[in-house]
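Me: Could you walk me through one chain of this model in close-up, then add a few words on its partner? I'd like to know what I can lean on and what I should leave alone.

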Amino acid sequence: MAHSMRQGHAPLRAQPAFGPDRKGKATVTIPSPTIPNPANPARERPQDYVLRRVTERRVRLIRLWFTDVAGQLKSFAISPAELEAAFEQGMVFDGSSIEGFSRVAEADMVALPDPETFELMPARNGNGEDISARMFCDITGADGAPFDGDPRGVLRRVMDRARAAGYTFYVAPEMEYFLFEPDRVDGRPVPLDAGSYFDLTTADIASDIRHRTLSALETMGIPVEYSFHEDAPSQHEIDLRYADALTMADSVMTFRLLVREIAFEHGVHATFMPKPLAGVQGSGMHTHMSLFADGRNAFSDPSSADGLSDVARGFVAGLLSHAREITAVTNQLVNSYKRLIAGYEAPVAISWARSNRAALIRVPPTRNEGEEATRVEYRAPDPACNPYLAFAVILAAGLKGIEEGYELPPETPPSITGYSDHGGPAYGHHLPASLDEALDEMEGSALVAETLGQHLFRWFLRNKRREWSSYQTQVTQFELDNYFAAV
Amino acid sequence: MYAVHPAAVSTELAQFLDLGGYAWKPVATTADITAGAPPEGWAGAIIRLGGHDAHSESQNSEGAGGTDVAWAVARALREHAAATLPVLVLVRGNALDELTMRDELFDDFCLDPFHPRELEARLAHLAAASNGGSTEIIEYGPLRINLDTYEAVVDERPLDLTYMEYELLRFLASQPGRVFTREALLNQVWGYEYYGGARTVDVHVRRLRAKLGEENADLIQTVRSVGYRLGTYRWR
């Protein structure tokens, strides 16, 4: 648990601080930060902090959040009165009702709130009443042992492995999504601004949603790197500022909820579906990544010709080698593979490049941003993934490449822009073309099995195979249009 | 450490301070307030109006008592550490008029010649009062942090911080103007074991600035290639 890491905390010396400042106000002595709550010495300070904030801010409801294996946010609310017990014993719930949590003869699970993730939710009606807060939970079995089906736990374990090797994994995803009219017409989604480029009303709504979303994100501690831009009609993109992968996975879960809720308040439907409209580009979650060691960017090596370190090369090589195996996790829906096609700025061939936007892995130029900005961008994931599992398998693949010293194939030259032919054996592989193919790849992957753990690995495959079979039973519009009359 | 003015401290006062176990240091001019400040800051000040004329090298040309310098020192103390630094004035019975219209420059006074018992009691009272009783508050510009309730307020607007954001802000605000490296902040605020690495500090600073709001985001300043500090330079 993160809060137990504070035991090595150096006590501050009591010291009056002073100094002229712009309004010339005073400062006083600082007590040691390590003092526990005198009323209950056993309680740790982060928990004490949360309990005090709940009282001070008159929080009415505390939402405890966790994520099921499919990547859906699960929430249950407790009252402030229950909070102390929740910290001490956790909240017991029936795991059999959660996707991917059920295990034979072990339905009782415990959700332990992580006090360092305590955030107030943005006020819905702005009048300051009805204040609620959220905390992410770690899931354990009734015996208190970490539950191996908890996606947050899976990511924690891989991050711990990276840490043992001296690395911290930082990620910065670019979140894309569409805004649609609330109701579909003839079963088809209607883009918010389709055919209404001069319609001020919809423009105002989009701009208001944009503004509200950005401010809600910032107040919930999710800083935004660049503001929106739109590629397809009604498509939006918000780039999140980097954070360690665990924090970022939490942020992605919060992000998806906020975007949907704010859109809903405006009578609009937001979707993270990877490819909601045929014929226009889908929504990706391009993820910028770097490893830091001893406060330095381990991907950067100013002495090498291209500025990339051997660590970066190994990481990229690992990711390329295992890309096919991890795609079922980073792109987990039947629909995900409708996005991964040629011609819509989505990656298809397994390749890397510095200045070729068709590549699966891009090494963006850092210009004057300095060594810290050296990073690689993995362009396969889509925003419908389970971010904990996606970051976990990406990191595991990269670490594998570093540990085993994988050799990095040559980069795709800028001249190659086609998607089907990247000209040579080094680029001969493609991402899986369907969920079915991706699941086959995953099933044979020792790396993914080890990373996810047997319980989650098996459940994921079973669940997704079912999804594919169910899809196979459908007769699509394409088939009707092309075969019904002709054959 | 008490600042005592004028620098030529009378025998009785020096004796009183030494016997009472007060750490003290003579302060001749306003410049000494900042230049001579002990690392932990002044605990208080004793200013004797119109000192003992025979001993004081009255640097000012006017007035036998040299009260102009004395009041300048008192004013400098206020600017230096605002109201938290208690200032006690020793004043002769025939010079009480000196106090008129200068209430904001001192916290208490004692008739001179003083009785050691009285002076001791008044200093003790001032020390207790300046510690703010049970509530510990850090204030800096528009920022106020109540250390007891963990309430952080900027421009009277409550800040909803996560625990670590709060800890970072509190730490920076405890020593405004002082520059901390990212490594120092990581060690002191997070503890050395935390696995976010030094970049964690950047991440949290960015979030804190977002929550402080645009108009106050510059409360936390980036000191290029060094680290972060709250507010401006410690010494102006």
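What percentage of the 487 residues in chain A is made up of buried residues?

Reply: Buried residues make up 46% of the 487 in chain A. Here "buried" means that 20 or more other C-beta atoms lie within 10 Å of the residue's own; 12 or fewer makes it exposed, anything in between is partly exposed, and the C-beta atoms are placed from the backbone.

A bit of housekeeping before the close-up. This is a predicted model, in which local features need pLDDT of at least 70 and side-chain atom pairs count only at pLDDT 80 or more, while totals for chains, interfaces and linings use all residues. Residues are numbered from 1 along each chain as its sequence is written, with chains lettered from A and ligands numbered from 1 in the order in which they are written.

How far can you lean on chain A? Its mean pLDDT (the predictor's confidence in each residue, from 0 to 100) is 84, and 82% of its residues reach 70 or more. The pLDDT is below 50 over residues 1–43 of chain A, yet the model gives this stretch 90 contacts beyond near neighbours in sequence. A contact means that the C-beta atoms of two residues, placed from the backbone, lie within 7 Å. Residues 418–427 of chain A also stay under 50, with 17 contacts beyond four places in sequence. Where pLDDT is low, the predicted coordinates should not be read in detail.

Now the layout. Chain A holds 12 helices and 16 strands, taken as DSSP runs (H or I of at least four residues for helices, E of at least two for strands) and numbered from the N terminus. Of the chain A contacts between residues at least 6 apart in sequence, 69% join residues at least 24 apart. The domain assignment splits chain A into domain 1 (46–141) and domain 2 (156–484), with bounds that come from an automatic or database assignment. Where the two meet, 11 residues of domain 1 are in contact with 15 residues of domain 2. The domain 1 side of that meeting has 5 nonpolar, 4 polar and 2 charged residues. For those classes, Ala, Val, Leu, Ile, Met, Phe, Trp, Tyr, Cys and Pro count as nonpolar, Asp, Glu, Lys and Arg as charged, and the others, Gly among them, as polar.

Helix H3(A) is a good place to zoom in. Its 14 residues (151–164) should span 20 Å at 1.5 Å a residue, and its end C-alpha atoms are indeed 20 Å apart; the expected span is 1.5 Å times one less than the number of residues. Its buried residues are Pro151(A), Arg152(A), Val154(A), Leu155(A), Arg156(A), Val158(A), Met159(A) and Ala162(A). Just after H3(A), Gly166(A) takes a positive phi of about 95 degrees.

A little further along, Met175(A) sits in strand S7 of chain A. It counts as buried because it has 22 C-beta neighbours inside 10 Å. Leaving out neighbours within four places in sequence, Met175(A) is in contact with Glu237(A), Ile238(A), Leu240(A), Phe255(A), Met285(A) and Pro383(A). Asn331(A) is 156 residues away along the chain, and its C-alpha atom is 14 Å from that of Met175(A).

Two backbone oddities are worth a click. Most residues other than glycine have a negative phi, and most peptide bonds are trans. Arg58(A) has a positive phi near 50 degrees and sits in the loop between helix H1 (45–56) and strand S1 (61–67) of chain A. Arg58(A) is exposed, with 10 C-beta neighbours inside 10 Å. Asp186(A) also has a positive phi, about 50 degrees, in the loop between strand S7 (168–180) and helix H4 (200–219) of chain A. With 5 other C-beta atoms within 10 Å, Asp186(A) is exposed too.

And the partner? Chain B has 7 helices and 12 strands, and 40% of its 236 residues are buried. Look for two cis peptide bonds there: His5(B) to Pro6(B), with omega about 0 degrees, and Asp112(B) to Pro113(B), with omega near 5 degrees. Pro6(B) is in the loop between strand S1 (2–5) and helix H1 (11–19) of chain B, while Pro113(B) is in the loop between strand S5 (108–112) and helix H4 (116–130).
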